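The following exercises are to be worked with the sequence and the coordinates at hand. Each task is followed by a solution in steps.

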Amino acid sequence: MMKNKVQLITYADRITGQDINALTTLLNGQLKGLFGGVHLLPFYNPIDGSDAGFDPIDHSEVDSRIGTWSDIQALGENHDLMADLIVNHVSAQSYQFQDVLAKGKQSEFWDLFLTKDDVFPNGMSEQEQQAIYRPRPGSCFTPMQCGDGQTYDFWTTFTDNQIDINVKVEAGIAYLNNVLTKFSENNVNIIRLDAAGYAIKQAGTNCFMLDETFGYLDNLSKQANELGMETIAEIHSHYQTQVEVAKRVNMVYDFALPPLILHSLFNNDVEALLKWLAISPRNCLTVLDTHDGIGIIDAGPMGDKPGLLNAQQIDTLVETMHANSNNQSRQATGAAASNVDLYQVNCTYYNALGANDLDYLISRAIQFFAPGVPQVYYGGLFACENDMDLLARTNVGRDINRPYLNTETIEHALNKPVVKGLIELIKLRNEHPAFEGEFSAHGTQGICCLTWQLEDKSIALSVNFKTRDALITQVNGDEETTIRLNALLV
């Protein structure tokens, strides 16, 4: 069972400039006791593909430049360890797909990959193609000529270097089973089901989060549970979808929380945030930032479904983030960069708030007091700012928030007041017993209060968004203590 303590999200190499062992040393040294678990972002071969490890050539192999499965085992000895099961696709550079390119349908791996004909054997109409949901503009099919002289339309939901797996056939099932088994043998106890919402495709639908997808997630979760692992579904979608998915897996992500906190701070208005906290899944992981951008779609409308925020509020939210970052995020988002995701803004959360230390601590405090297990991204832990140099070198929008750090930059960051304040909040979240109790939230207009109660112990966060007065109150029987968030910025 996952510990109810703050977790770290990180790449092994980007946080230390070194390898998995260096990350383990950091967690047992300067960051000792801060994190109950680690989401180790893709460590597979290669870690530096076109999508920073989310396009694995070999999903069951640790990239030798950063370590071995033994190093993964060692990291998981003292921490919950989460790894990504990349459900939807594999690299076009994988030996399996290279064999398909060489031999076409004669390849022993032909069935592993999904083609247009697999889903539309009788052809696909223009209307059917337009109905398919894709997180990026353009077609989800990439025509490729194989060694048998034929050209086939392979399904590529994300990029033409990420070939979709046919998860319904024996070859696809065996492929994912092999990875799951490898995880279970090496101290990985939490599986993040990456891009799982796209795994099931069916003619005449939008091929995203279908009824069959829910059943697939249910079965995949049960399979992982039998191997001693929990599952987390990674799905960016309408907020009601998250509520439904939460019923099918062990945990989901609360991706609506980050934009709602920003909206509250930008507009001194907590109505949408409180509405969400009243209905949000309790079996969730909370985040503000991740290796991806800041999700927007999760709080907004989708089709004829109203959102927690309306279209105008979403537009204002995005434009405010761009303005706060001095338009740096605009340079990394949409058509301005090579990964033109439609549902996120590429920016550090710190810069989305205009690098305002108090607003950042308020955001983290709300995250830690919201229902769920909090995760903190390594860039967020150190209050990193947008890495414009890395963005310029790679022209990959999400690299603006995927910095390469080292011992010196970490030492410098740990001395920043905002980082010191965040570490105090992490300790409080980890140690206070009331976070195992009952949650309640109330407020009006620009004021909200989030409370946890366990028997005669309670802890409450009250925030006046208009004055930015934020106070944490702890009650233990007859004893009461208070902490003002601005006092942590010393």
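A residue is called buried when its relative accessible area is under 20%, exposed when it is over 50%, and partly exposed in between (1.4 Å probe, protein chains only). The model is predicted, so that local features need pLDDT of at least 70 and side-chain atom pairs count only at pLDDT 80 or more, while totals for chains, interfaces and linings use all residues. Residues are numbered from 1 along each chain as its sequence is written, and side-chain values use heavy atoms, with hydrogens and water left out.

**Exercise 1. Describe the overall build of the chain.**

Step 1. Take the secondary structure. Helices (H or I, at least four residues) and strands (E, at least two) are DSSP runs, numbered from the N terminus. The chain holds 19 helices and 21 strands.

Step 2. Consider the dimensions. The C-alpha trace spans about 75 × 50 × 45 Å along its principal axes. The radius of gyration is taken over C-alpha atoms, and the globule rule is 2.2 Å times the number of residues to the power 0.38. For 490 residues a compact globule would have a value near 23 Å, and the 22 Å of the chain agrees with this.

Step 3. Examine burial and contacts. Of the 490 residues, 60% are buried. With contact meaning heavy atoms within 4.5 Å, residues 24 or more positions apart supply 67% of the contacts with a separation of 6 or more.

Step 4. Turn to the surface. Accessible areas come from the Shrake-Rupley method with a 1.4 Å probe; for residues, only the protein chains shown count as cover. The chain exposes about 18700 Å², of which carbon and sulfur atoms supply 45%.

**Exercise 2. Locate the charges and analyse three salt bridges.**

Step 1. Count the charges. Lys and Arg count as positive and Asp and Glu as negative, whereas His and the chain ends are not counted. The place of a charge is NZ of Lys, CZ of Arg, CG of Asp or CD of Glu. The chain has 33 positive and 61 negative charges, and their mean positions are 3 Å apart.

Step 2. Apply the salt-bridge rule: a side-chain nitrogen of Lys or Arg within 4 Å of a carboxyl oxygen of Asp or Glu. The count comes to 21 salt bridges.

Step 3. Is the pair R192 and D194 buried or exposed? The closest N and O atoms of these two residues are 3.1 Å apart in their salt bridge. R192 has a relative accessible area of 2% and is therefore buried. D194, at 8%, also counts as buried.

Step 4. Examine a pair within a helix. The side chains of E424 and K427 form a salt bridge at 3.7 Å, N to O. Both residues lie in helix α19 (residues 417–431), 3 residues apart, about one turn of the helix. E424 is partly exposed at 41% relative accessibility, and K427 is partly exposed at 33%.

Step 5. Examine a pair between strands. R484 and D469 meet in a salt bridge at 2.7 Å, N to O. R484 belongs to strand β21 (residues 479–484) and D469 to strand β20 (residues 469–476), so the pair ties together parts that are 15 residues apart in sequence. R484 is partly exposed at 40%, and D469 is partly exposed at 35%.

Step 6. Look for shared partners. D51, D292, R398 and R402 are joined into one network by such salt bridges.

**Exercise 3. Identify unusual backbone geometry.**

Step 1. Recall the general expectation. Most residues other than glycine have a negative phi, and most peptide bonds are trans.

Step 2. Inspect the peptide bonds. The bond from N45 to P46 is cis, with omega near -5 degrees. P46 lies in the loop between β3 (44–45) and β4 (58–62).

Step 3. Inspect phi. A52, found in the loop between β3 and β4, has a positive phi near 50 degrees. A52 is buried, at 5% relative accessibility. M209 also has a positive phi near 50 degrees and is placed in the loop between β10 (190–194) and α8 (211–226). M209 counts as buried at 11%.

**Exercise 4. Which residues are in contact with K5, leaving aside its neighbours within four places in sequence?**

Step 1. Place the residue. K5 lies in the segment before β1 (7–10) and is partly exposed at 33% relative accessibility.

Step 2. List the contacts. With those neighbours set aside, K5 touches G36, V373, P374 and N430.

Step 3. Compare sequence and space. K5 and V373 are 368 residues apart along the chain, while their C-alpha atoms are separated by 6.4 Å.
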